[in-house]
Each structure stands twice: as structure tokens, then as C-alpha cells.
Amino acid sequence: MKMKSQATMICCLVFFLSTECSHYRSKIHLKAGDKLQSPEGKPKTGRIQEKCGGPCISSSNCSQPCAKDFHGEIGFICNQKKWQKSAETCTSLSVEKLFKDSTGASRLSVAAPSIPLHILDFRAPETIESVAQGIRKNCPLDYACITDMVKSSETTSGNIAFIVELLKNISTDLSDNVTREKMKSYSEVANHILDTAAISNWAFIPNKNASSDLLQSVNLFARQLHIHNNSENIVNELFIQTKGFHINHNTSEKSLNFSMSMNNTTEDILGMVQIPRRELRKLWPNASQAISIAFPTLGAILREAHLQNVSLPRQVNGLVLSVVLPERLQEIILTFEKINKTLNARAQCVGWHSKKRRWDEKACQMMLDIRNEVKCRCNYTSVVMSFSILMSPKSMTDKVLDYITCIGLSVSILSLVLCLIIEATVWSRVVVTEISYMRHVCIVNIAVSLLTANVWFIIGSHFNIKAQDYNMCVAVTFFSHFFYLSLFFWMLFKALLIIYGIFVIFRRMMKSRMMVIGFAIGYGCPLIIAVTTVAITEPENGYMRPEACWLNWDNTKALLAFAIPALVIVAVNLIVVLVVAVNTQRPSIGSSKSQDVVIIMRISKNVAILTPLLGLTWGFGIATLIEGTSLTFHIIFALLNAFQGFFILLFGTIMDHKIRDALRMRMSSLKGKSRAAENASLGPTNGSKLMNRQG
């Protein structure tokens, strides 16, 4: 009897405890997020399903319950006569589930029969009212008791919102003594909702400030982290990394480098946080610490508060880098690798203002913006701790540059066509000697090369690169490369011709030999360079750029096959101009100089005007590749290059008085012929016929 009564009491006790556990289940809540997992929030399925199953009327709303084992609902809005998902609060997480294996209630119901009676406590188990309380009780050293449950949960919008509130509560209530172990557990939880697979679900969280809350919570938690050794790597998760080091006023310039993947397959995106030496001198002699956190996917999640002047979301184009520094440090330098590396992807350095919940352009200044890399100088404050780069609304390919290029190319093409017409008109009158003949051959071939190159440039600029058009684009790039090189090599031959005319006066080369040398230099050398470049780079698909029909730079540096010859030729032409300038200042040797010397002096004058202009053009072209070049240089470069044909017409043809004289003579002869024809028509025979007709 005694044993039976004892067993009966134990069974009653187990039943009582189970009843009490179910009673307290409804009281367990997240401090700031009880709406996320409240069981009373379950929708009534009948009416809701009928509403969503009914007709879709514009701007109407409906909702449906979540799947089994989830609390909350899914909201829909009618758009273009179709129901579209607008919000979701489906969550499978709760404070109860986080600590269900640690409260002892579930274990007690199984193990109670083997527990001696005097050990059993007839009081109800202590309820866990908050996450902070559960962590303090079960895993105060590393938060590991919550990570497995969180990492095994689905990344629904409701679960993401729950985890954000979870991290927010931890940052607020448990950040008094943050160790490396706590930071690792905290980051594991954050990493789960920063996964690329979860990004799309952030859009359906009713709380639009959830992403900003996450960033602020991580920064707040990291601010209390204590580094006990000099190791830089603290957290190395896939979507969140934390590094840090000790610093003081004697520390040399320090930097933290990050390399993170946007997802599991793409190549890594780089970022760097640098503390200048002048800033480190502001520190006290006692040691301080600097911590930085990198997020590769957070930029796609962060939602700005309403901006009056911004109609569309501003796209983040790099890592989001947070920094935690001593208060005395105010300036840092950050380097970002662009995610989108196309030519149009110009950058804007920004800092995240935690109170305004938006990107602040005033927090940073641009130091460098090239194709792949952006360097920013930013001001660090208590409210601006995170930084990144945005796709700038102001692109270097501005409409102004487009207009300059279109107008300039039109003028250039018309000028080159007019130049060739003039040369054809006066050819027989101006090619008197070998030197003058070769000079005009150079002008004609320079005009032809530039005209053809401009035509190919226009074809390439309006060319849509598709998989099936790849070979055509390679051809466009090849011909543009070849004819632009021909332009410069004919300029080189013209310069060599001037040197030949100055230093070789009495011994002349045959015209046919000069023509062979001219065409070998003007077309042979460019052909060899262009063909060699294609042969080396194209087997790896590295001859042209992926976004334009022009020479590749990022992968194979094929652009050097154009830039190096062009710049070398410009340098040679400038040297020739200096040589000509020195020789023209020398006194003439009597009156015995041949007519060719006079022609050479006239040619030298023209080249002295033309070559600096072309050299200046490509000098500005170099400037556009230098770090942090302003828009002014791009505009000047576009102007000078777009109007090259006009410069050739002006300085190579119109300013040559021989050509002007030949044109006048040509016009006079045409007028003389027309007058002779008119007089002939009024001769005696024709006159009598005319009188007879009138009679």
C-alpha cells in the first residue's frame, strides 16, 4: 500500500507539473517581440481563406494563415488583378523553444519515476520570462545554448524578425562583458539571417527598420568586446567577419583587410579599414583597441528611411564596413572593391546614420574612384559607425559627355571628308617634290585612318553584346584597334619625314622607296600589333571587354597594346617638335637653300601646331586614368578627341597657304572655263541661230 501510494503521488506530481508547464507556456515572451510568437495571434482560417480565394480588386488586402508549426500570417495585396505577397509574420521560434531543453520540464516528465521522492520539488519550475534571463541561466559564457535552435530554423520573414529582436535584446541586456566566445555565438546567429538565401525574405518583414536595428545591435555589441591578445581574426563566418587589434599613440599606421564572398560561388569582394598615423597620435599612451566588422550581404538588405529627394532605393556596391574605435579617433580611410565593375558604376562614399536610418553623403569624401576600387575618407562618430559605397546617381558617362561625343564625331567625320575632298582637288598642284608628295600622303592616310576608326567606334558604341554576337564584337574591336593605331603610326612617319627633311638635304630617297616605308610603318606595324594581341588574348576570351566592344583591361591588359604605342609616338612627336623649333632659330646658310627646305619649314610649322594638340589630347587621356580624376578632365578629353578630324582639317589643310593658293587657282580655272563656255555659246554662229529663232 505504501509503495502504491508513493507511485500514485509521483504520477499526480508529474501530471501537475505538466499542467503547470502548459500554463506558463503562454507567459513566455521576447522582451520587445512578443507579437512575433504570441499563440493568440493565430489567424482564424475560415474567413481569411475565403477572402483570399475571392475576386482580386485593385488595392484590396487579404491574409492567410502560415503553414503548420508556424505562428502568424501572410498578407497579400491585389496588384494588376493578381494577389501579391506584401508581408509575412510566420515564425516557428519562441523563447520557450530556445530553452526547452534547458528548463528541465521535458526531462522531468520522463525521469520522474526513478527520482527519489525527497528530491522532487513540488513547486512549479522557474519560468524564463526573457532571452536575457534564459541565457544567464543556461549559457552565460558563450550563448551556445541558442545557436543550434536558431541555425536549424527556416529563414522565414517571421523568424528573421524574431532573430533581429533576439540580437537586439542581447545587445541591450547582455553586453556588459563581451568575450570572444560570446561574439562568435552572437555572429553565428546573425550570420544565419544574413545568408544570401534569406535576403529576399527581408522585404516582407512588417518592421521596415529591422535591417537598421540589426546593424545597430551588432555595432553596439561589438563596442563592448574586449580583445585579450593581438590576434586580428575574431569571427570568420561566411556573411559576417570581425577583426581587431590593440593600438596606442606609438602604433604605426594600421589596417584591417577583409575578403568576403557575396555567395558560395562568386569570387571574393575585398575591403580594407585603415587608421592613419596622424589619427593614432591622438591616443593616450595606454593601450586601446580597434574593431571592424564586414558584411557582404547587408547592403542589399538595409532599407533607408523615407527620402524626399530619392525616388528609388540607392544600391550598395561594396561591403558594409563597421568600425569601433576609441572616441579620440575621428577619421578613417576605407577601401572598397566594387561589386558592379562596369564603366557606368561610379561610386559615392557614404556612412550609415543610425538615428536618421539612412546613408549620409556628408560623412565621407571620395579619394579615389577607378574601375574596380574606391577609396573613401570618412568621419567616425557615435552615430555613424558603418560605411560603404553607393552606385552614384552622377555617372562619368554623363549626358554632357554623350552630347560632346555625338556632336564632336559628327563634326570630325564631316571635317575629314572635306579634308579628303580638298586633297583630291588640289593634289596635282601641291605634290611638286618628294617631300611635299609624302607630306600629303601622310595627311590623306591620317584622315582615312581616323575617319575609318570613327566609323568603327560608332558601330561599336551602338552594338549590343549578346552571346550570338560575340565574334562580331571581336571584329569591331579589332578594326577599331587597328585603325586608331594606324592614325598614330602615320603621325610617327610624318615626324620621321620631317627629321629626314631637316638633316638630309642633298641626298634624296626615291619616292617609291619612301612610299613602301610609309605604308609599312603606317599599316604594317598596327596590323602586327593588332593581330598579335588577338592571338595572345582571344583564346582566353580576353581581347575585348565584357560590357563594350573595346580592348580589355581588367583581365588581360590588352588595352596596353594600344596605349603604349600611342603614348610612345606622341612622345616622339613632341621631341620632333623641339628639334624643329631649335633648327628654325638657326641663321640660314645664304640663299642657296633649296625649295624643299622652305617646304620643310612650312611642314614643321604645321606639325609644331598639330602634334602638341594630339599630345595634349592623349595627355588628358592619361589624366582620366589617374586616381580621383575630376569630371573636368573627362570633358576636356572628350572635346579634344571628338574634334580631332576638325583639327586635322584646320591645321593640316586649311592653314597651309600652298593648299589655299591651289584652291584659288582651281576656282579661277573653273570660273575661266565657265566664262569660256558662256562666250562660246554667244559666238557668231550661235548668235545668228538665236536671231533666226527669234525672228
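A crossing of two helices is left-handed if the near helix is turned anticlockwise from the far one by less than a right angle, and right-handed if clockwise. Keep that in mind for this tour of a predicted model, because H9 passes H10 in a left-handed crossing, and that pair is one of our stops.

**The whole chain**

Start with everything selected and a cartoon view. The protein chain has 695 residues, and 45% of them count as buried. Its secondary structure comes to 22 helices and 15 strands. Switch on a surface and you are looking at about 36100 Å² of exposed area, with carbon and sulfur atoms supplying 59% of it. If you like contact maps, take the contacts with a separation of 6 or more: residues 24 or more positions apart account for 72% of these.

**A loop between two strands**

Now select Asp69. This residue is in the loop between strand S1 (61-65) and strand S2 (73-79). Its phi is near 75°, a positive value in a residue other than glycine. Is Asp69 buried or exposed? With 58% relative accessibility, Asp69 counts as exposed.

**Tyr143 and the start of a helix cluster**

Move on to Tyr143, which sits in the loop between helix H6 (131-138) and helix H7 (144-151). Tyr143 also has a positive phi, of about 60°, although it is not a glycine. Here the relative accessibility is 2%, so Tyr143 counts as buried.

From there, select H7 together with H9, which covers residues 180-194. The axes of H7 and H9 come within 9 Å and cross at roughly 15°. That angle makes H7 roughly parallel to H9, and H7 passes H9 in a left-handed crossing. To see the contact itself, show side chains for Ala144, Ile146, Thr147, Val150 and Lys151 of H7, then for Ser185, Glu188, Val189 and His192 of H9. Coloured by class, the residues of this contact divide into 4 nonpolar, 3 polar and 2 charged.

**Just before H9**

Step to Thr179, in the loop between helix H8 (157-173) and helix H9 (180-194). Thr179 has a relative accessible area of 18% and is buried; the cut-off for buried is under 20%. Which residues touch Thr179, leaving aside its neighbours within four places in sequence? They are Leu141 and Leu225.

**H9 again, now with H10**

Keep H9 selected and add helix H10 (residues 210-223). These two pack at an angle of about 170°, with their axes 11 Å apart. They are therefore roughly antiparallel to each other, and this is the left-handed crossing promised at the start. On the H9 side, display Lys182, Met183, Tyr186, Ile193 and Leu194; they meet Leu214, Ser217, Val218, Phe221 and Ala222 in H10. The residues of this contact divide into 8 nonpolar, 1 polar and 1 charged.

**A strand stop**

Next, pick Lys254 in strand S6 (residues 254-261). Lys254 counts as partly exposed, at 26% relative accessibility. Draw a C-alpha to C-alpha distance from Lys254 to Val273: the two are 19 residues apart in sequence and 8.4 Å apart in space. Not counting residues up to four places away in sequence, Lys254 touches Phe245, Ile247, Val273, Gln274, Ile275 and Leu280.

**H14 and H16**

Select residues 434-461 for helix H14 and residues 511-537 for helix H16. How do these two pack? Their axes are 11 Å apart, at an angle of about 25°. That makes H14 roughly parallel to H16. Check the hand of the crossing while you are here: H14 passes H16 in a right-handed crossing. For the side chains, show Glu434, Tyr437, Met438, Val441, Asn445, Val448 and Ser449 in H14, which meet Lys511, Met514, Met515, Phe519 and Tyr523 in H16. By class, this contact has 8 nonpolar, 2 polar and 2 charged residues. As you look down the H14 list, remember a general rule: an α-helix has 3.6 residues a turn, so residues three or four places apart point the same way.

**Last stop: H20**

Finish with helix H20 (residues 644-654), which is mostly covered. How many of its 11 residues are buried? The count is 8. To highlight them, select Gln644, Gly645, Phe647, Ile648, Leu649, Phe651, Gly652 and Thr653.

Note on methods. Residues numbered from 1 in each chain as written. Predicted model: local features only at pLDDT ≥ 70, side-chain atom pairs only at ≥ 80, totals over all residues. Heavy atoms only, no water. Axes fitted to C-alpha atoms, helices over the stretch in contact; angles between N-to-C directions. Helix = DSSP H or I, 4+ residues; strand = E, 2+ residues; numbered from the N terminus. Parallel < 35°, antiparallel > 145°, perpendicular 65-115°, else oblique. Contact = heavy atoms within 4.5 Å. Nonpolar A, V, L, I, M, F, W, Y, C, P; charged D, E, K, R; others polar. Buried < 20%, exposed > 50% of the residue type's maximum accessible area, 1.4 Å probe, protein only. Areas by Shrake-Rupley, 256 points an atom, 1.4 Å probe, with all protein chains shown as cover.
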